[in-house]
Amino acid sequence: MKKNFLRLVASAAVALVAVVTFSCKSSEAAEEPVVDQAAQVSQPVESVLVSTNASDWTENVFADSNQHGYFFTTAEIGQFSMVEGEFKKSGGYEQSGFGFVFGYTADDEGWLADYLRFEITTAGQFSAYACRGTTYIDLVENHGENTAYRYESSAVKGGYDSVNKLKIERSGDKDYTLYINGSKVAAFTAPNGFSNSDGVMAFFSVGKADQEQFPEVPVKVTYRITDSAAAE
């Protein structure tokens with residue numbers, strides 16, 4: 001299983017903006033994810049999405065040069081013990097990830113202090129990691145602090161317009177199992193200080209200026225929630 005190495009270089013956190021800069025050992029430069037200022041983390045919700053019926057597909061398009069190097073979140077989907085969703089990317093840099101951000105801590109103004117992230121790429125890779133400030137921890141395999149990988153996996157349907165189903169199961173306070181298209185790809189206990197909520201959001205990354213071709217080729221990702229269960 002080929003692995004692309006990611007090492008955290010620097011980070012900063014502001015209101016719903018958590019700048020994370022990476023370098024990459026391979027020839028492919030890693031993204032520089034940032035949570036979108038416009039995607040507010042909701043306050044505790046009174047209603048929770050619990051459904052076995054697929055929601056409508058929602059399309060997300062990014063083609064503004066100001067969006068380079070950011071990742072954009074949806075509104076909070078709900079408080080969950082299980083969530084499953086389908087994702088399809090139709091354009092944009094193939095190494096930029098998309099998937100779920102979950103287990104995050106947010107203050108009253110929506111600042112993300114920490115989060116867990118499960119993503120895939122159209123290049124046929126996946127990754128899962130925890131992030132807080134300058135701490136960046138791989139959740140798939142045990143590596144040194146501030147070291148993580150993108151893993152190539154036959155479970156991921158690579159290429160544009162491929163539909164991939166991601167699923168997260170949570171048991172207890174800190175134990176998670178991750179699936180891609182029905183195949184288990186990782187199981188982990190969140191590191192100390194992480195997994196501080198049951199919240200989950202979908203997210204979509206945008207590459208840097210030399211990775212995207214804006215405005216001619218926008219980043220276009222669609223998703224829908226196919227199943228979920230409320231947190232107990």
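pLDDT is the predictor's confidence in each residue, from 0 to 100. In this predicted model, the protein chain has a mean pLDDT of 80, and 76% of its residues reach 70 or more. The chain is built with 15 strands and zero helices. Two nonpolar cores and a set of salt bridges are covered below.

**Confidence**

- Residues 6-52 have pLDDT below 50.
- Beyond near neighbours in sequence, that stretch still has 133 contacts in the model.
- Where pLDDT is low, the predicted coordinates should not be read in detail.

**Overall build**

- The protein chain has 232 residues, and 51% of them count as buried.
- Take the contacts between residues at least 6 apart in sequence: 68% of them join residues at least 24 apart.
- About 10000 Å² of the protein chain is exposed, with carbon and sulfur atoms supplying 45% of that area.

**Nonpolar cores**

- The largest nonpolar core holds 39 residues.
- Within it, F100, F102, L116, F118, I168, L178 and I180 touch the most other members.
- Strand β15, residues 219-230, gives the most to this core, with four residues.
- Another core lies apart from it and has 11 residues, including L112, Y129, Y136 and A148.
- L178 can be followed outward through its contacts, leaving aside neighbours within four places in sequence. Among them are F102, F118, A128 and I168. K167, S183 and K184 also touch L178, as do V185, A186 and F188.

**Y104**

- Y104 sits in strand β6, which spans residues 98-106.
- Its relative accessible area is 3%, so Y104 is buried, the cut-off being under 20%.
- Y104 and Y115 are 11 residues apart along the chain, yet their C-alpha atoms are separated by 4.0 Å.

**Salt bridges around K165**

- Side chains of opposite charge can pair when their charged atoms come close.
- The whole structure contains eight salt bridges.
- K165 pairs with E84 through their side chains, at 3.9 Å from N to O. K165 belongs to strand β11 (residues 163-171) and E84 to strand β5 (residues 78-91), so this bridge ties together parts 81 residues apart in sequence.
- K165 also pairs with E86, again at 3.9 Å from N to O. E86 lies in strand β5 and K165 in strand β11, so the parts tied together here are 79 residues apart in sequence.
- K165 is partly exposed, with 27% relative accessibility. Both acidic partners are buried: E84 has 14% relative accessibility, and E86 has a relative accessible area of 12%.
- E84, E86, K165 and R224 are linked in a network of salt bridges.

**The R170–D198 bridge**

- The side chains of R170 and D198 form a salt bridge at 2.7 Å, N to O.
- This pair links distant parts of the chain, 28 residues apart. R170 is in strand β11, while D198 is in the loop between β13 (183-189) and β14 (199-205).
- R170 is buried, with a relative accessible area of 14%. D198 is partly exposed, with a relative accessible area of 21%.

Key
Residues are numbered from 1 along each chain as its sequence is written. Side-chain values use heavy atoms; hydrogens and water are left out. A nonpolar core is a set of buried Ala, Val, Leu, Ile, Met, Phe, Trp, Tyr and Cys residues joined through side-chain atoms within 4.5 Å. Buried means under 20% relative accessible area, exposed over 50%, partly exposed in between (1.4 Å probe, protein chains only). Helices (H or I, at least four residues) and strands (E, at least two) are DSSP runs, numbered from the N terminus. Contact means heavy atoms within 4.5 Å. Accessible areas come from the Shrake-Rupley method with a 1.4 Å probe; for residues, only the protein chains shown count as cover. A salt bridge is a side-chain nitrogen of Lys or Arg within 4 Å of a carboxyl oxygen of Asp or Glu.
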